[in-house]
Amino acid sequence: MNEGEKEFMEWLNQHNIPFWYIKQDVSTFSKAIKALGTKRPDFMLLIPNMGSILVDVKEKHILDQYRTFPLDKKETLKYSRLERNSNLKVWYAISHKNFGFKTWYWIPISKVIEIGKEKEYKSPLDKNPYYAIPVEEFIQIPSDKSIDTLFTLKV
């Protein structure tokens with residue numbers, strides 16, 4: 001478990017949000033799931049009276065020059081397959097130690113695919129395409145607020 005996942009778990013516990021942490025060990029991932037070409041998120045959250053959502057926690061910097069977060073295209077498409085096969089919504093929750101893990105930036109996978117501008121890293125070491133998502137497209141939840149903000153219509 002990385003620092004971001006620990007901080008996210010602390011935030012969930014602070015707000016009494018029921019969850020399961022999904023261990024990332026390869027032995028806990030069935031061959032049948034692997035065959036679907038999906039990826040496993042970090043958490044399953046139980047939203048009382050609504051159901052469950054899956055969350056992948058990311059530690060990411062904002063690309064200051066563009067005011068966007070880069071989200072890996074290949075990974076996002078795998079999560080989209082997981083959504084279709086499981087009928088569960090998958091969200092990214094992003095923060096970073098530079099933010100002091102005091103704000104979580106949330107976005108559903110479906111929105112990443114819908115609005116993301118496909119880009120490629122300029123580095124010769126990293127040629128994976130990614131979706132550039134403007135910061136204002138995320139639902140921002142300060143660490144002293146609960147998850148209710150996710151379910152408020154953004155106008």
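Which strands does helix α3 lie across, and at about what angle does it run to β4? The legends below take that one up along with a handful of other close-ups.

**Figure 1. How far to trust this predicted model.** Everything shown here comes from a prediction. Mean pLDDT for the chain comes out at 88, and 94% of the residues reach 70 or more. Among the elements, strand β5 (residues 89–95) has the highest mean pLDDT, 96. Strand β7 (residues 117–120) has the lowest, at 82.

**Figure 2. Helix α3 lies across β4, β7 and β8.** Here's the answer to the opening question: α3 (residues 73–86) lies across these three strands and runs at about 65° to β4. The strands make up an open sheet in the order β4-β8-β7, with antiparallel pairing. β4 and β7 sit at the edges with a single partner strand each, so one side of each has no neighbour in the sheet. From one strand to the next, the twist averages 40°. Zoom in on β7 and strand β8 (residues 129–134) and you'll find 4 bridges holding the antiparallel pair. One spot to look at is Glu118, whose bridge partner in β8 is Tyr131. In general, strands of a sheet pair through backbone hydrogen bonds, parallel or antiparallel.

**Figure 3. Thr68 in strand β4 (residues 68–72).** Is Thr68 buried or exposed? With a relative accessibility of 8%, Thr68 counts as buried, because the cut-off for that label is under 20%. Leaving out residues up to four places away in sequence, Thr68 touches His61, Ile62 and Leu63, plus Ala132, Ile133, Pro134 and Val135. Tyr131 is 63 residues away along the chain, yet its C-alpha atom is 9.2 Å from that of Thr68.

**Figure 4. Phe8 meets Trp106.** The two rings form a tilted aromatic pair, 5.7 Å centre to centre with 50° between the planes. Phe8 belongs to helix α1 (residues 3–14) and Trp106 to strand β6 (residues 103–108), so the pair ties together parts 98 residues apart in sequence. Both partners are tucked away: Phe8 is buried at 0% relative accessibility, and Trp106 is buried with a relative accessible area of 0%. A search of the whole structure turns up 14 aromatic pairs. Ring pairs also link up a cluster made of Phe8, Trp11, Phe19, Tyr21, Phe43, Trp91, Phe101, Trp104 and Trp106.

**Figure 5. The largest nonpolar core, and a second one.** Which residues touch the most other members of the 19-residue core? They are Phe8, Trp11, Leu45, Val55 and Trp106. Two or more residues of this core come from each of α1, β2 (43–47), β3 (51–59), β5, β6 and β9. A second, separate core has 17 residues, among them Tyr79, Val90, Ile133 and Phe138. Back at Phe8, skipping neighbours within four places in sequence, the contacts are Phe43, Leu45, Val55, Val57, Ala93, Trp104 and Trp106.

**Figure 6. Strand β9 (residues 139–142) and its two faces.** Side chains in a regular strand generally alternate between the two faces of the sheet. In β9, Ile139 and Ile141 point to one face and are buried. Gln140 and Pro142 point to the other face and aren't buried. β9 runs antiparallel to β6, and 4 bridges join the two. Look for Tyr105, which stands opposite Gln140 in β9.

**Figure 7. Asn16 and Phe101, two loop residues with positive phi.** Most residues other than glycine have a negative phi. Asn16, in the loop between α1 and β1 (19–21), has phi near 55°. Phe101, in the loop between β5 and β6, has a phi of about 50°. Which of the two labels, buried or exposed, fits each one? Asn16 is exposed, with a relative accessible area of 68%, whereas Phe101 is buried at 5% relative accessibility.

**Figure 8. Phe151, in the segment after β9.** Phe151 counts as partly exposed, with a relative accessibility of 36%. Setting aside residues up to four places away in sequence, Phe151 touches Ile47 and Met50. Phe43 is 108 residues from Phe151 in sequence, and their C-alpha atoms are 18 Å apart in space.

Definitions and conventions
Residues are numbered from 1 along each chain as its sequence is written. This is a predicted model: local features need pLDDT of at least 70, side-chain atom pairs count only at pLDDT 80 or more; totals for chains, interfaces and linings use all residues. Side-chain values use heavy atoms; hydrogens and water are left out. pLDDT is the predictor's confidence in each residue, from 0 to 100. Rings of Phe, Tyr and Trp (its six-membered ring) pair if their centres lie within 6.5 Å; planes under 30 degrees apart count as stacked, over 60 as edge-to-face and the rest as tilted. Buried means under 20% relative accessible area, exposed over 50%, partly exposed in between (1.4 Å probe, protein chains only). Two strands pair if DSSP finds at least two bridges between them. Contact means heavy atoms within 4.5 Å. Axes are lines fitted to C-alpha atoms, for helices over the stretch in contact, and angles run from 0 to 180 degrees between N-to-C directions. A nonpolar core is a set of buried Ala, Val, Leu, Ile, Met, Phe, Trp, Tyr and Cys residues joined through side-chain atoms within 4.5 Å.
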